[in-house]
Amino acid sequence: MNMNIIASYLQFLRKSHNYTQEDLAGKLDISRQAVSKWETGTAIPDLEILLKLSRLYNITINDILEPDIRPQRITDFEQISTIPERELKEILKQFDMDSLATALLGASPETNNFCEKLFPTIDFEMLRNKIGRVRIEAVEEMQRQIIFMVNFY
């Protein structure tokens with residue numbers, strides 16, 4: 001049982017159902033910190049919570065503990081343009097546009113243009129101005145989250 005894979009999968013399940021950590025904690029009657037610990041791999045849900053999660057996500061406990069991981073589709077944020085546009089748009093919709101704009105701060109002009117074409121009604125220039133300066137670690141973390149979602153989707 002690989003704790004990092006389970007942690008990543010739990011985060012993927014939560015985000016793919018559009019739950020915040022707070023939302024999920026409320027549904028399970030636990031603390032947000034408990035959800036955070038699962039998603040960082042420092043703890044694993046107990047059996048009762050695993051059962052609730054399996055019912056909530058309509059999967060088995062075994063699916064949670066031994067997720068079926070496909071080979072990575074991309075390893076670098078710049079590769080997102082290799083994903084079919086319709087599929088990528090569905091994946092990126094799981095993120096708020098501020099998060100996408102943050103990830104794009106560290107991307108090439110080609111990748112920025114590609115993403116801006118996916119969401120023509122979003123004013124990315126305004127979002128970039130609103131976000132302002134961001135630490136490179138925050139940009140890289142957002143890019144990692146998007147890569148993760150692309151690979152799990």
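**Surface, fold and the buried face of α6**

In the predicted model, the chain exposes about 8,900 Å², of which carbon and sulfur atoms supply 49%. Burial was assessed residue by residue, and 42% of the 153 residues of the chain count as buried. With regard to charge, the chain carries 18 positive and 23 negative charges, and the mean positions of these two sets lie 2 Å apart.

The secondary structure comprises 10 helices and 0 strands, so that the pattern read along the sequence is α-α-α-α-α-α-α-α-α-α. Along the principal axes, the C-alpha atoms of the chain fill a box of roughly 45 × 30 × 25 Å. The radius of gyration of the chain is 17 Å, which agrees with the value near 15 Å that a compact globule of 153 residues would have. Contacts distant in sequence are also present: among contacts between residues at least 6 apart in sequence, 70% join residues at least 24 apart.

Helix α6, formed by residues 85-92, was examined in further detail. Within α6, L88, I91 and L92 are buried. These residues lie on the same side of α6, because the arc they cover around the axis is only 95°. In general, an α-helix has 3.6 residues a turn, so residues three or four places apart point the same way. The cover over the buried residues of α6 includes α7 (97-104), α8 (109-118) and α10 (136-152).

How values were computed:
Residues numbered from 1 in each chain as written. Predicted model: local features only at pLDDT ≥ 70, side-chain atom pairs only at ≥ 80, totals over all residues. Heavy atoms only, no water. Helix = DSSP H or I, 4+ residues; strand = E, 2+ residues; numbered from the N terminus. Rg over C-alpha atoms; globule rule 2.2 N^0.38 Å. Buried < 20%, exposed > 50% of the residue type's maximum accessible area, 1.4 Å probe, protein only. Contact = heavy atoms within 4.5 Å. Areas by Shrake-Rupley, 256 points an atom, 1.4 Å probe, with all protein chains shown as cover. Lys, Arg positive; Asp, Glu negative; His and termini not counted. Charge placed at Lys NZ, Arg CZ, Asp CG, Glu CD. Arc of directions from axis to C-beta.
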